[in-house]
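These are my notebook entries on a single structure, kept in the order in which I looked things up.

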Amino acid sequence: MMLQRLVLAATVLLLSSCSTMGQTLVHRWSFEGNYNDTSGSGHDGTATGTPTFVTGKFGQAAAFDPSPDGGATPGDGVENTFAEAVPTLATDSWSMNIWANLTTAPPDLVHVMGFGINDDYSGGGDTGRGRALLNFGGMHFWGASVDVNAGTAFSVDSAWHMYTVTYDATATAISLYKDGSLLTTGTAALVDTFPQVQVGNPSFWSEGFAGSLDEFTIFNGSLSEPQIGGLYFFNDHTQNVTLDPSLVVNRDTGEIVLTNDSSFEIDLLGYTVRSASGALDPSAWDTIAGRFDAPPGGDGSIDANDDWTVLTNTANEFSIEFSEGVPGTDGGTIDIGKVVSFGLGAWIANPNEDIEIDLLLNDGEGTLKTLSASFAGNGGESFGAGDFDADGDIDVNDYVHLRTASASNTAGMLPVEAYLGGDLNGDGRKNLTDYAIFAGLFEAANGTGTFAAIHASASVPEPATLWLFVPLAAITMLRKYRGYALAILVATCFAGSEATAQLHGYYPLNGSANDASGNNIDLNMVGGALFGGSMHPGLGTAFSGDGVDDAAVGQNFVKVTGSNMTAVAWVYAESTDHTTWETIVKNWGEAVAGQFHFGLGVNDANTLNNYYGTAGGAEFPNDVSPTDIPVGQWVHTAFVLDAAAGQHRLYINGTVVATGAYGGSLMQPTDAGFATGLGIGGKPNDDGSAAAGGFGFWRGQIDEVGLYAEALSTSDIAEIITNAQQGIQLNGTTNPYVEIEVNRATGEVKLQNNTAGSVNLNAYEVVSLGDHLNAGGLDPLAGNAGFPTGTGFGDGWELDGANDSSQIIEGFFGGASTFNTGETSLGFIYDGASAGHEDLTFRFATPSGVITSLVTYIGEYASLNGDFNNDGIVNLADYTVWRDNLGAATEEAINNAGNGLNGVDAADYQVWKSAFGNGGSGAIGQVSVAIPEPASYVNLLTLLAIAGWRSRRSNRRRSE
């Protein structure tokens with residue numbers, strides 16, 4: 001509910017303009033009993049249907065009815081097919097304005113006003129040719145595949161409302177206004193168009209408009225907001241009227257200031273300053289209460305007779321709002337020129353600038369007037385992500401802020417609090433991924449290689465090696481959290497082997513999209529695509545796409561020769577219903593077919609799909625899996641064209657899921673006129689770019705993409721899967737990696753390199769979301785031979801400030817250390833007591849990436865006295881186990897957790913009673929529970945005697 005006008009004071013201050021800054025009226029239909037153009041341009045209109053004239057906003061207006069039969073009978077409209085004075089060039093700036101009174105909600109795609117739309121034009125390939133305001137989920141500018149939506153509905157209240165669209169050709173900016181107030185601005189590059197204007201129901205449009213229209217005007221030039229205000233109040237753009245006050249945030253001081261620089265006083269009952277990200281500091285808030293409300297507390301300059309009430313909890317460190325007011329009174333008035341500061345530091349500096357204010361107007365209707373803040377300071381630039389101290393640069397102080405931030409779990413925090421806590425990607429945790437992101441941000445801001453010398457400004461020794469992280473293309477893509485480790489830079493070298501000879505193309509995707517077979521083309525990462533963890537640490541990293549514009553693409557792909565072909569890939573689909581034709585790997589363009597498409601199908605189909613082109617492009621057969629590809633897990637996929645068997649086979653996880661006939665004919669490199677690009681995760685253009693259009697992109701991970709000029713057998717594919725599960729890549733090699741071994745009995749955790757090669761180690765991370773870590777038991781790498789101890793500035797191995805029972809991080813964030821084959825203890829950091837506590841995850845960082853690795857548990861848990869069911873907690877469930885096994889000859893049935901003597905007896909009950917509440921991180925011990933007591937010890941002995949008698953009787957019967 002946003003009504004876009006202020007309550008007028010008794011006297012209206014009118015500011016006349018001496019210049020209209022070049023904005024010229026070129027078209028006006030006032031509908032004063034006719035359709036004449038009163039601008040002087042001669043664009044008189046012709047009616048379709050039977051519009052009528054009714055009382056308008058200014059004089060008369062035209063009333064329109066929709067087509068009664070879906071267009072067979074024309075709906076009411078007015079048009080001129082050759083309005084030669086309207087601004088039709090792509091380089092023209094323009095504005096159009098209309099008043100509308102609607103009694104029924106317009107259906108989607110109903111046209112209100114516009115120009116540049118020809119009768120024979122329906123969109124097609126003429127992108128950017130339209131200039132229309134229509135309803136499409138609210139107010140919507142349509143430019144023929146160029147769209148800007150206001151996010152606000154047309155008002156349907158039998159009242160007149162003004163709708164305005166402006167276009168600034170220099171900035172290619174479309175702005176939409178309602179009742180003189182700006183709703184939204186979007187970028188929209190337009191092209192030359194037709195000299196045609198129309199309102200209501202054009203004969204070639206959805207003919208569902210019903211309502212009255214008045215004062216349809218077009219201007220040559222983009223109107224300013226004061227000029228639009230003049231149209232709103234006086235139907236005259238030459239009389240400037242400023243409708244809205246201004247709200248400004250100073251980035252350097254955090255001060256939020258409301259200035260009534262509008263043309264009117266503001267009568268209001270209250271206000272709410274809002275920040276959806278929580279960037280408001282209540283402790284710095286200067287309220288109207290006690291300053292501008294009734295004396296003696298205030299000076300009465302806003303409200304002389306009411307005491308304002310503060311409605312926001314000022315004890316919070318972060319808040320989504322400041323709110324105060326005086327509902328139920330006569331309210332207050334912000335005079336013209338009045339400046340209201342809400343306090344220095346009221347805005348908490350961060351990259352997300354989302355401050356707005358809702359003014360609750362005293363107009364008897366409960367109108368909320370919403371204003372968005374503009375920001376000033378910091379040289380006119382927003383603070384960059386990673387500039388935690390908001391001083392305009394990303395430096396060693398920001399690294400220290402990140403490392404020392406003390407909360408590992410940020411899931412319950414407001415976004416700004418989480419960001420300042422080091423959670424750069426908003427995934428609810430401060431972890432290695434955030435260090436990776438920060439390193440990339442640092443390099444983007446300061447230059448390649450600067451993160452290695454981050455500590456130099458702190459006057460500490462410079463490390464010899466460098467931890468480089470996110471590629472520059474990914475720096476702007478912090479929105480793309482994926483739940484897998486973000487990769488870091490260019491990566492693992494692959495030793496050549498005879499196994500690669502059979503590979504026509506091989507993309508291991510270890511920090512780059514280069515072809516490791518040597519036979520084909522290297523691909524480029526586009527759209528901000530990243531690298532994430534693969535299905536096994538020995539496979540290195542994997543391509544990670546957002547499903548919007550991320551891809552690895554290249555040009556001049558060498559097609560597979562001969563009549564046989566196989567393609568294989570590991571994939572992890574985060575979702576499969578966000579677009580169509582999702583790509584795993586393909587030689588198939590946006591408008592041109594190629595040798596093969598391998599991915600998902602058309603119309604949001606979630607099934608595995610493979611098209612291939614026959615020789616000369618004569619045919620393009622396909623096969624489809626009968627069921628959807630699994631989501632949220634790693635899946636191995638393959639297709640095979642087998643000429644000898646006459647089969648086209650599709651595989652999921654080594655199983656044939658679809659089979660079709662194959663005649664042995666395959667498109668060859670010599671076949672001209674077909675796609676020449678190759679894409680992973682997206683459809684490629686022949687120039688090496690990714691196809692536009694918002695479809696064809698994979699959301700999730702892709703790894704180990706191999707293309708073969710032969711038909712692999714089912715056993716061949718099974719071997720590929722088995723090898724990958726052991727960390728062996730398609731070329732027979734394994735990336736060296738580290739993992740951890742956890743001793744259940746002692747809680748000791750060892751860092752191990754069980755591979756033949758050394759690992760250039762930057763950092764490691766152990767996580768237990770169930771809080772089964774003991775950070776105090778850590779034996780850090782820092783100080784061991786080859787692992788220098790840092791001084792807090794990234795010059796050696798340092799502990800993260802948020803280490804706790806859920807997470808432990810240690811890293812050499814300005815360098816790296818070599819971890820050879822072998823192991824070292826990280827101390828006794830595992831605090832689990834049962835199999836239900838085995839939730840540890842482990843990641844490590846190298847110059848190639850942050851990689852999810854393996855966790856192995858050894859040994860057995862020491863029994864917890866009284867834990868008769870071995871769940872790690874001594875509670876009522878254990879009593880039930882003791883009761884049900886009372887009298888047993890041994891304690892095996894009670895997990896050997898009693899006193900160890902005389903089987904299951906009363907003494908074991910006393911053990912359980914004394915230990916009640918132990919385990920489970922102590923949580924159960926905080927709960928008051930009635931411990932069941934046998935009626936008397938005599939009764940207990942009786943139970944034991946009975947149990948013993950039954951046991952002896954049973955034994956005697958068995959011996960008879």
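**Entry 1: cavities.** I searched the model, which is predicted, for enclosed space and found 2 cavities of 30 Å³ or more. I took up the second largest cavity, whose volume is about 30 Å³.

Which residues line the second largest cavity? I listed L258, L268, Y271, I288, I334, V340, F342, I357 and L359. I then sorted this lining by character and counted 9 nonpolar residues, no polar ones and no charged ones. As to where the lining comes from, I noted that strands β18 (266-275) and β23 (355-361) each contribute at least two residues.

**Entry 2: nonpolar core.** I turned next to the largest nonpolar core, which has 59 residues. Which of its residues touch the most other members? I recorded F342 and F438. I had already met F342 in the lining of the second largest cavity.

I checked which elements supply at least two residues each to this core, and I wrote down the strands β16, β17, β18 and β23 together with the helices α2 (396-404), α3 and α4. Helix α4 gives the largest share, 8 residues. For context I added that nonpolar side chains tend to be buried together in soluble globular proteins.

**Entry 3: salt bridges.** I counted 12 salt bridges in the model. I examined several of them individually.

I looked up E353 and found it paired with R251, with 2.6 Å between the closest N and O atoms. The two residues are 102 residues apart and belong to distant parts of the chain: E353 lies in the loop between β22 (339-341) and β23, and R251 lies in the loop between β16 (246-250) and β17 (256-259). Is each partner buried or exposed? I classed E353 as partly exposed because its relative accessibility is 25%, which is not under the 20% limit for buried. I classed R251 as buried because its relative accessibility is 7%.

I then looked up K430, which forms a salt bridge with D800, the closest N and O atoms being 2.6 Å apart. This pair also links distant parts of the chain, at 370 residues apart. I placed K430 in the loop between α3 (415-420) and α4 (432-446), and D800 in the loop between β45 (797-799) and β46 (807-812). Both K430 and D800 are buried.

I recorded a further salt bridge between the side chains of D642 and R649, at 3.1 Å from N to O. D642 and R649 are both buried. I also noted that R274, E356 and D358 are joined in a network of salt bridges.

**Entry 4: helix α7.** I asked which residues of helix α7 (residues 876-884) are buried. I found D878, Y879, V881 and W882. I concluded that they lie on the same side of α7, because they cover an arc of only 160 degrees around the axis.

**Entry 5: D831.** I located D831 in the loop between β48 (822-828) and β49 (841-846). I classed D831 as exposed because its relative accessibility is 51%, and the limit for exposed is over 50%. Finally, I looked up its separation from G777: the two residues are 54 residues apart along the chain, and their C-alpha atoms are separated by 9.6 Å.

Terms used: Residues numbered from 1 in each chain as written. Predicted model: local features only at pLDDT ≥ 70, side-chain atom pairs only at ≥ 80, totals over all residues. Heavy atoms only, no water. 1 Å grid on protein atoms, 1.4 Å probe; cavity = no way out; pocket = protein on both sides within 12 Å on 5 of 7 lines; lining within 4 Å. Points joined across faces, edges and corners; volume = space filled by probe spheres on them. Helix = DSSP H or I, 4+ residues; strand = E, 2+ residues; numbered from the N terminus. Nonpolar A, V, L, I, M, F, W, Y, C, P; charged D, E, K, R; others polar. Salt bridge = Lys/Arg side-chain N within 4 Å of Asp/Glu carboxyl O. Buried < 20%, exposed > 50% of the residue type's maximum accessible area, 1.4 Å probe, protein only. Arc of directions from axis to C-beta. Core = buried A, V, L, I, M, F, W, Y, C linked by side-chain atoms within 4.5 Å.
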